[in-house]
Each structure stands twice: as C-alpha cells, then as structure tokens.
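Subject: Structure for your review

Dear colleague,

Please find the structure below, together with its sequence. I would be grateful if you would read the notes that follow with the model open beside them.

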Amino acid sequence: MAPAAFNAFCASLPGTTHVVQWEGADVWKVGGKMFAVGAWSWGPHAGITFKVSEMAFDLLREMPGLRPAPYMASRGLTWIQQHGEPGLGDDDLCSYLRHSHGLVARGLSRRVRAALGIEG
C-alpha cells in the first residue's frame, strides 16, 4: 500500500489523529493511543505496523512479508508489521487497520469514545 493510500484510509476512520514522529513515520492514533504506523524510510524496519488480536497475531506472524513488529512484539504486544512481499493485499490490510483502530478504541473510556464520535 502506498503511503498516500495508507494515510487516506487511516484518516477516514472515526476520531483519528495523525502525527509524524520517529524519523518521519506516519503515526495514526485514536483517543491519543496509537493504532497504526507507516514507516517508509526505516531501512530493514520499514513497513506498516498495526495492532491485532492474539489469534490474528499467531496466524499473520507466519505469513511471507509479515512479521511480529520490531520493538513492540518483543515487549509482549500483539503488533504485526507488513515489511515485504507478498504481505497482505490492500483490501485485507485495510480490514486489519480497521480492526486495529477498533481494538484500540475499545480500550478508551466511554466518555472519550463518545467525544470522538465512536459508537460502542
């Protein structure tokens, strides 16, 4: 997925904010909590990183072009990074990004979700 498409998709999700940090990475947050990172210039650590369920983590970590996210997974967090081919197609990647947004949003207080216009 191209950076512009990644950023446009993440921007379309409710209550999101975008910051550029960590040497130019596009970091997407909901309620101040990170749900996706697009790092295009990180050399061997470049890719799109997102939060997943434990079951998805176990499945995706074995797929070509995907890996446990450097730094995050080593700390016991269930984050996956798409770093190469074949990886996920854009439709599947968008589905996982939407799910990552939902996982993070569900961890927010009801009041914060309501203020962001997020149902549930």
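The notes below describe the sheet, the helices, the side-chain pairs and the backbone.

Please bear in mind throughout that this is a predicted model.

The sheet

The strands form an open sheet of 6 strands in the order 1-2-3-4-6-5, and the pairing is antiparallel. At its edges are strand 1 (16-21) and strand 5 (66-68), each of which pairs on one side only. From one strand to the next, the twist averages 25°. As general background, strands of a sheet pair through backbone hydrogen bonds, either parallel or antiparallel.

Strand 2 (residues 25-30) pairs with strand 3 in the antiparallel sense, over 5 bridges. Two positions help to locate this pairing in the model: D26 stands opposite G38 in strand 3, and W28 has A36 of strand 3 as its bridge partner. These two strands form a hairpin with 2 residues between them, in which G31 takes a positive phi near 60°.

Strand 3 (residues 33-39) also pairs with strand 4, again in the antiparallel sense, over 4 bridges. Here A39 has G47 in strand 4 as its bridge partner. Strand 3 is mostly covered, with 6 of its 7 residues buried.

Strand 4 (residues 47-51) has 4 of its 5 residues buried, so it is largely enclosed by the rest of the structure. In addition to strand 3, strand 4 pairs with strand 6 (residues 79-82), in the antiparallel sense and over 4 bridges. The bridge partner of I48 in strand 6 is Q82.

When you inspect the side chains, a general point may be useful: in a regular strand they alternate between the two faces of the sheet.

The helices against the sheet

Two helices should be viewed together with the strands. Helix 1 (residues 3-12) lies across strand 1, strand 2, strand 3 and strand 4, and runs at about 10° to strand 2. Helix 3 (residues 90-106) lies across strand 1, strand 2, strand 3, strand 4 and strand 6, and runs at about 40° to strand 4. Strand 4 is thus among the strands that helix 1 lies across, and it is also among those that helix 3 lies across.

Side-chain pairs

A search of the whole structure finds 1 aromatic pair. The pair consists of F50 and Y96 and is tilted, with 6.0 Å from centre to centre and 35° between the planes. It links distant parts of the chain, since F50 belongs to strand 4 and Y96 to helix 3, 46 residues apart. Both F50 and Y96 are buried.

The structure also holds 1 salt bridge. This salt bridge is formed by E62 with R61, and the closest N and O atoms are 3.9 Å apart. How accessible are the two partners, E62 and R61? E62 is exposed, with a relative accessible area of 64%, whereas R61 is partly exposed, with a relative accessible area of 36%.

Backbone features

Which residues in the loop between strand 1 and strand 2 deserve a look? W22 lies in that loop, and so does E23. The phi of W22 is near 50°, a positive value in a residue other than glycine. The phi of E23 is near 60°, likewise a positive value in a residue other than glycine. As to accessibility, W22 counts as partly exposed at 43%, while E23 counts as exposed at 72%.

There is also a cis peptide bond to note, which joins E85 and P86 with omega at about -5°. P86 lies in the loop between strand 6 and helix 3.

In summary, the main items to view are the antiparallel sheet with its order 1-2-3-4-6-5, the largely enclosed strand 4, the tilted pair of F50 and Y96, and the cis peptide bond between E85 and P86.

With kind regards

Technical notes. Residues are numbered from 1 along each chain as its sequence is written. This is a predicted model: local features need pLDDT of at least 70, side-chain atom pairs count only at pLDDT 80 or more; totals for chains, interfaces and linings use all residues. Side-chain values use heavy atoms; hydrogens and water are left out. Buried means under 20% relative accessible area, exposed over 50%, partly exposed in between (1.4 Å probe, protein chains only). Two strands pair if DSSP finds at least two bridges between them. A salt bridge is a side-chain nitrogen of Lys or Arg within 4 Å of a carboxyl oxygen of Asp or Glu. Axes are lines fitted to C-alpha atoms, for helices over the stretch in contact, and angles run from 0 to 180 degrees between N-to-C directions. Contact means heavy atoms within 4.5 Å. Rings of Phe, Tyr and Trp (its six-membered ring) pair if their centres lie within 6.5 Å; planes under 30 degrees apart count as stacked, over 60 as edge-to-face and the rest as tilted.
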